[in-house]
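Morning, everyone. I have one model to walk through today. Please bring up the sequence and the structure.

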Amino acid sequence: QGAKVRARLNPEDTVLVTGCSGGVGSSALQICKAIGCKTVIAVTSSQNKVGYLKKLGADEIIITDDQNPFHKNSKVLSLGGCDVAIECVGGPTFLQSLRCLKPEGRLVLVGNVSNSTVPLPLGLCILKSLSVVGSDSIFSDELIQLFRFLSEENLRPNIDHILPLEKANEAHALLENKCVSGRIVLQISPDNWVD
C-alpha cells in the first residue's frame with residue numbers, strides 16, 4: 001500500500017527500497033517490479049541476501065553498513081538519485097534515503113525498526129522540494145484495489161520460516177540475527193484456541 005498508493009509509483013521511477021530482504025521490503029520490491037519501475041535499487045545489510053534480492057528482480061543491490069552509507073554509493077550517484085525511496089527501516093537509514101532523492105523526490109516511510117527520532121534537514125527538503133509521507137493504514141477501497149493488483153500480478157509474500165507459536169522467541173532471534181529473507185509465520189494450533 002505504501003509502495004503502490006502513497007508513493008504514487010509509475011514506470012519512469014527509479015526507486016530505492018531499504019530493508020529490502022525483510023517481509024515489507026521484499027513485498028515493496030515485488031510491487032515496484034510489477035508496476036514496471038525503471039530501476040529498483042535494493043538496500044540490505046547482508047551479503048547473504050544478494051541472491052534472494054536478485055531472484056526477486058532487483059536491478060541494483062547495495063550492501064550497506066555504518067562505514068559505507070548508501071547515499072554515497074556509485075550506483076545511486078550514477079543514476080542521479082532516486083525518484084522514490086521506500087523506507088522500511090526507519091531511523092537508522094532515514095537520512096540516507098532522504099539524501100538519495102532527486103529534486104521533487106518522494107520518501108514513503110513504512111517501517112521503523114527502532115523507536116528513534118531523526119533530525120529533519122529542512123534546507124534539503126526545501127531546496128529539493130521533497131515530500132515525506134508516512135504510511136500506516138489503508139482504506140477499504142484501496143485494499144480491494146491492492147488485492148486485485150496482487151492477484152493479477154500473481155504476487156505472494158515470501159515466507160522463509162513457518163514456526164509454531166510456542167517458538168516465537170526463536171522467530172525473534174532469527175529476525176534479530178538477520179537470518180530471514182521475507183517473512184516468518186507463527187502458526188497457531190487449533191489446540192491453542194480458547195472457547
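Start with Glu-60. This is a predicted model, and in it Glu-60 is partly exposed, with a relative accessible area of 29%. That value falls between the 20% limit for buried and the 50% limit for exposed, so partly exposed is the right class. Glu-60 sits in strand S3, residues 60–63. What does Glu-60 touch, once residues up to four places away in sequence are not counted? It touches Thr-39, Val-40, Ile-41 and Ala-42, and also Lys-75. Now look across to Leu-16. Leu-16 and Glu-60 are 44 residues apart along the chain, and their C-alpha atoms are separated by 9.2 Å.

Next, Lys-102. You will find Lys-102 in strand S5, residues 101–109. Is Lys-102 buried or exposed? Buried: its relative accessible area is 19%, and the class applies because the cut-off is under 20%. Leave aside neighbours within four places in sequence, and Lys-102 contacts Thr-14. It also contacts the run Leu-79, Gly-80, Gly-81, Cys-82 and Asp-83. Lys-128 and Leu-130 complete that list.

Now the cores. The largest nonpolar core has 25 residues. Which of them touch the most other members? Leu-9, Val-15, Val-17, Leu-53 and Ile-86. Five elements give two or more residues to this core: strand S1 (14–17), helix H2 (23–35), strand S2 (39–44), helix H3 (50–56) and strand S4 (82–87). H2 gives the most, with five residues.

Take Leu-53 from that core. Neighbours within four places in sequence are again left aside. Leu-53 is in contact with Cys-20, Ser-21 and Leu-29. It also meets Ala-42, Thr-44, Ala-58 and Ile-61. Apart from the largest core lies another, of 15 residues. Phe-70, Val-76, Leu-98 and Leu-107 are among them.

Step back to the whole chain. There are eight helices and eight strands. The C-alpha atoms fill a box of roughly 60 × 40 × 30 Å along the principal axes. The radius of gyration is 17 Å, which agrees with the value near 16 Å for a compact globule of 195 residues. Of those residues, 43% count as buried. Among contacts with a separation of 6 or more, 59% join residues 24 or more positions apart.

Last, surface and charge. The accessible surface comes to about 10,900 Å², and carbon and sulfur atoms hold 52% of it. The chain carries 19 positive and 20 negative side chains. The centres of the two sets lie 7 Å apart.

Conventions: Residues numbered from 1 in each chain as written. Predicted model: local features only at pLDDT ≥ 70, side-chain atom pairs only at ≥ 80, totals over all residues. Heavy atoms only, no water. Helix = DSSP H or I, 4+ residues; strand = E, 2+ residues; numbered from the N terminus. Rg over C-alpha atoms; globule rule 2.2 N^0.38 Å. Buried < 20%, exposed > 50% of the residue type's maximum accessible area, 1.4 Å probe, protein only. Contact = heavy atoms within 4.5 Å. Areas by Shrake-Rupley, 256 points an atom, 1.4 Å probe, with all protein chains shown as cover. Lys, Arg positive; Asp, Glu negative; His and termini not counted. Charge placed at Lys NZ, Arg CZ, Asp CG, Glu CD. Core = buried A, V, L, I, M, F, W, Y, C linked by side-chain atoms within 4.5 Å.
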